[in-house]
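User: Please take a close look at one buried position in this model and at what surrounds that position. I would like one connected account.

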Amino acid sequence: MRYGCHLSIKNGYLQAAKTAKKLNIQAFQYFPKNPRSLSIKTFDVHDAAECASFCKAHNIVSVAHAAYPTNLTVHDPKQQLTMMQSIWNELTIAEACGSLGLVLHFGKFSGEDTLQTYRNSLQCIHAICSQWNGKAKLLIENDAGGTSGFGSTFEESVTIRNLSQHQDKIGFCLDTCHLFSSGVWDGNNHATWDKASKKDVWETYKNHVHVVHVNDSMYPSGSGKDRHANVGKGHIGLDSLQSFLTHFNPLVVPFILETPYSKTGEKEQELHTLSQLIQRSQ
Ligand SMILES: [Zn+2]
């Protein structure tokens, strides 16, 4: 089963992969560069290559996560270029590390016009993909909702992918906390997207999910708040997470925790909880 958690690269990419091995997990996520900045990183190519071969040898999959200020919806051409350069840099690192892809959010659109949000995002994605020939995919993550949370619904993500000329380079990353806080999922049942009218969209979406972020939520469904809680310690709860995970096969799609830890040993404990959850869900 491929499950794991987010790991630090403070001692390099290879070291992160070795930590995954030590934790006995077969999947991990990492920030390829400083997560708080869009600045370009000159990375250690040798270290990245070693990470790639270590992961291959030990059957570990890795996923990169884009920097927080990344925003695909920006309108200003200068800002768009800064975004694109940052994403190309991250994709290049992800590729060198042998990662599946780069997880990224649409980002908050500051305007009112939803159509403009679509246009800007498409333009940005198109520009990135036209000059990207690597295997690492762009993995668009569902949004937690809130004030201008574009991309919280399956429809929005699927539409963006459908309208793109580079569909083979685009996949999705589904975050359970975001799905819950956006109100798309209330934790009890999946009726909202199992309805006949929406079933096709859900099926299309599901087929292109390459990573699942397994997070509980500190706030109730519909709150629009992106605050992750440890699994079973939030408003979603273990039973709902378990029934949700039945939609995905962890042999194919890695399940990754993005949850907070305050004490040593908590990470190992939560990974154990996740592995039990997965076993019960399959
Ligand atoms: Zn996430």
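Analyst: Leu274 is buried, since 26 other C-beta atoms lie within 10 Å (buried means 20 or more other C-beta atoms within 10 Å of the residue's own, exposed 12 or fewer, and partly exposed in between, with C-beta atoms placed from the backbone). The model is a predicted one, in which local features need pLDDT of at least 70 and side-chain atom pairs count only at pLDDT 80 or more, while totals for chains, interfaces and linings use all residues. Residues are numbered from 1 along each chain as its sequence is written.

Leu274 belongs to helix α10, residues 266-281, where helices are DSSP runs of H or I with at least four residues and strands are runs of E with at least two, numbered from the N terminus. When neighbours within four places in sequence are left aside, Leu274 is in contact with Tyr3, Val214, Val231, Phe255 and Leu257, contact being C-beta atoms, placed from the backbone, that lie within 7 Å. Of these partners, Phe255 is 19 residues from Leu274 in sequence, and the two are 8.7 Å apart in space, C-alpha to C-alpha.

As for the wider fold, 8 strands close into a barrel in the order β1-β2-β3-β4-β5-β6-β7-β10, with parallel pairing; two strands pair if DSSP finds at least two bridges between them. Within the barrel, strand β6 (residues 170-175) and strand β7 (residues 209-213) are joined in the parallel sense over 4 bridges, and Asp175 stands opposite His213 in β7.

How values were computed. Contact = placed C-beta atoms within 7 Å.
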